[in-house]
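Hi there,

Here is the structure I promised to pass on to you. Have a look at it first, and then read on for what turned up.

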Amino acid sequence: MIISIIGASYVGLIIGVCLAKAGNEVALIELDLQKVDAINSKRSSIYEEGLDELLNKVRIKVNSDYKEIENSEVVFVCVGTPSNEDGSIVLEQIENAAEQISKVLERKDEYCVVVVKSTVPPGTTEDIIIPLLQKSGKKVGEDFGVCVSPEFLREGKAIYDFMHPDRIVIAGYDQRSIDVLVTLYGDFNAPILQTSLKTAEMIKLASNTFLATKISFINEIGNICKQLGIDTYEVARGMGFDGRIGSKFLNAGIGFGGSCLPKDLGMLIARARKADYEPGILVEVSKLNEKQALKLVELLKKHVVLKGATIGILGLAFKPGTDDVRDSRAITVVQNLLQEGAMVKAYDPLAGENFKKLFPQVEYVNKEEVLNSDAILIVTEWEEFNHLDYHGKKVIDGRRILKAREASVYEGICW
Ligand SMILES: NC(=O)c1ccc[n+]([C@@H]2O[C@H](COP(=O)([O-])OP(=O)(O)OC[C@H]3O[C@@H](n4cnc5c(N)ncnc54)[C@H](O)[C@@H]3O)[C@@H](O)[C@H]2O)c1
């Protein structure tokens, strides 16, 4: 099929290379010219396992020109949906993309399907995106189709996840657009769920807020366990064998970050409030997550006077396998340390450059040099941190790195 993808970052670029590999003709439309140049020279602007190799194997067009849509049968919308302070979505990117698509629809005679991949609150496609597309003078369901098909990939495993989804959710305004997407996804070995547009939008938010809830839940259990002198990880193992509970997302620690879980949680809270419902559980999940990162610094203060001390940070990415620092717990931790008058040295195998844009005052060093600090905080669970020599060090561990237990002072956040 001939496919255009609007927005070429974590989601758009991955979908683009994967669909190109599957034999489709793919054009990426991206406003950020640095990203366009990078992709054109076969370098991805983000780190993702296997992405550069795939980018070098496939033929893919990328530029900033919406004209590409003129020949497309499918247009994926993968622009960012950041949030306001109150959690509600900033619509600017999605509105701009819909308006630009609408201008091309005006002069396009062949039917095409616009697919919303970006995560949006329930109702957004019907209330905002479709009206903007219809400004073209063309009619949804007749001249063009609209689908919502949320993306569930995990950063760090994005290519694998896109190619091997647990399920594919397809919500179509019209049957014809559903048929187009079912054909496109025909070779994927996954159940396909057909729902209403709003339901598909809600499935994405409910899935991510459930995962966030599971993490905050185990962190709450972990905080209680620590008070009672019980090892949370043994408790989680005992729980995880229960098929109703499952063992995934039961790693107690300093909480969740990234561009999805905190944002999607805030988005659903804001959407519920707009509908006059106060989502008590979700609000507490978010509050506990904020407190958890600060708890690491509180524990540190039991062992070190922060003013004038040098604190080493191991890990800056929001999780291993990515260079993404959006909403990383490291941000809260470093902010807090600097406010308390500490100096910070940090190491991350991939995310140093991105973190430096936020905190130029931090000293970025190699991992051995981080160990030469008054105390060390483990913030991301990179495997390589299991191979360092912690003897004689003070370590406060937010992510359960077993080797760090050899430190002369060792304390885990929930154990
Ligand atoms: N990152 C993830 O792991 C993930 C997973 C599932 C779903 N999502 C959702 O998918 C969407 C995209 O996520 P992301 O992490 O790739 O976002 P992102 O913010 O990293 O990237 C969005 C890209 O769109 C570009 N853009 C913005 N407006 C544009 C326009 N009008 N035309 C062309 N390009 C435009 C931006 O320059 C940017 O490169 C979000 O809604 C996100 O919540 C993300």
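Let me begin in a loop: Asp276 sits in the stretch that joins helix 10 to helix 11. Before going further, please keep in mind that this is a predicted model. The phi angle of Asp276 is near 65°, a positive value in a residue other than glycine. Is Asp276 buried or exposed? Its relative accessibility is 74%, and the cut-off for exposed is over 50%, so Asp276 counts as exposed.

Phe249 makes a good companion to that residue. Its phi is near 60°, again a positive value in a residue other than glycine. You will find Phe249 in the loop between helix 9 (232–240) and helix 10. With a relative accessibility of 35%, Phe249 counts as partly exposed, because that class covers what lies between buried, under 20%, and exposed, over 50%.

**The ligand site**

Now to the part you will probably open in your viewer. Which residues come nearest to the ligand? Of the 28 residues around it, they are Ser9, Glu30, Tyr66, Thr81 and Lys263. By type, the shell around the ligand divides into eleven nonpolar, nine polar and eight charged residues.

Three polar contacts are worth a look, each made by a nitrogen atom of the ligand:

- Tyr66 has an N or O atom in its side chain 2.6 Å from a ligand nitrogen.
- Ser259 also offers a side-chain N or O atom, at 3.4 Å from a ligand nitrogen.
- Leu31 takes part through a polar backbone atom, 3.5 Å from a ligand nitrogen.

Taken alone, the ligand exposes 830 Å², and the protein buries 91% of that area. Two elements give two or more residues to the shell around the ligand, namely helix 1 (10–21) and helix 4 (92–106). Helix 4 gives the most, with three residues.

Helix 4 is also the place of Asn96. At 30% relative accessibility, Asn96 counts as partly exposed. If you want a distance to check, the C-alpha atoms of Asn96 and Ile130 are separated by 13 Å, with their positions 34 residues apart along the chain.

**The second largest pocket**

Next comes the second largest pocket, which holds about 260 Å³ of space. It is lined by 15 residues, and the closest to its centre are Ser88, Ile89, Pro121, Arg271 and Lys274. Helix 5 (124–134) and helix 10 (261–274) are the elements that give two or more residues to this lining. Which of them gives the most? That is helix 10, with five residues. The lining of this pocket divides into seven nonpolar, three polar and five charged residues.

**A closed space**

Rolling a probe the size of a water molecule over the atoms shows where empty space is left. How many cavities of 30 Å³ or more does a search of the whole structure find? The search finds one. About 50 Å³ of space lies in the largest cavity. Its lining includes Val116, Lys117, Ser118, Thr119 and Val120, along with Val148, Ser149 and Pro150, and also Ala200, Glu201 and Lys204. Helix 8 (residues 197–228) supplies the largest share of that lining, three residues. Sorted by type, the cavity lining has five nonpolar, three polar and three charged residues.

**Two more residues**

Leu296 belongs to helix 11 (residues 280–301). Its relative accessible area is 0%, which is under 20%, so Leu296 is buried. From Leu296 to Arg176 the C-alpha atoms are 53 Å apart in space, and the two residues are 120 apart in sequence.

Gln34 lies in helix 2 (residues 33–40). With a relative accessible area of 66%, Gln34 is exposed. Gln34 and Ser45 are eleven residues apart in sequence, and their C-alpha atoms are 8.2 Å apart in space.

That is what I have for you. Happy to go over any of it whenever it suits you.

Best wishes

Key:
Residues numbered from 1 in each chain as written. Predicted model: local features only at pLDDT ≥ 70, side-chain atom pairs only at ≥ 80, totals over all residues. Heavy atoms only, no water. Near = heavy atom within 4 Å. Polar contact = N/O pair within 3.5 Å; in protein donor to acceptor, adjacent residues only side chain to side chain. Areas by Shrake-Rupley, 256 points an atom, 1.4 Å probe, with all protein chains shown as cover. Helix = DSSP H or I, 4+ residues; strand = E, 2+ residues; numbered from the N terminus. Nonpolar A, V, L, I, M, F, W, Y, C, P; charged D, E, K, R; others polar. 1 Å grid on protein atoms, 1.4 Å probe; cavity = no way out; pocket = protein on both sides within 12 Å on 5 of 7 lines; lining within 4 Å. Points joined across faces, edges and corners; volume = space filled by probe spheres on them. Buried < 20%, exposed > 50% of the residue type's maximum accessible area, 1.4 Å probe, protein only.
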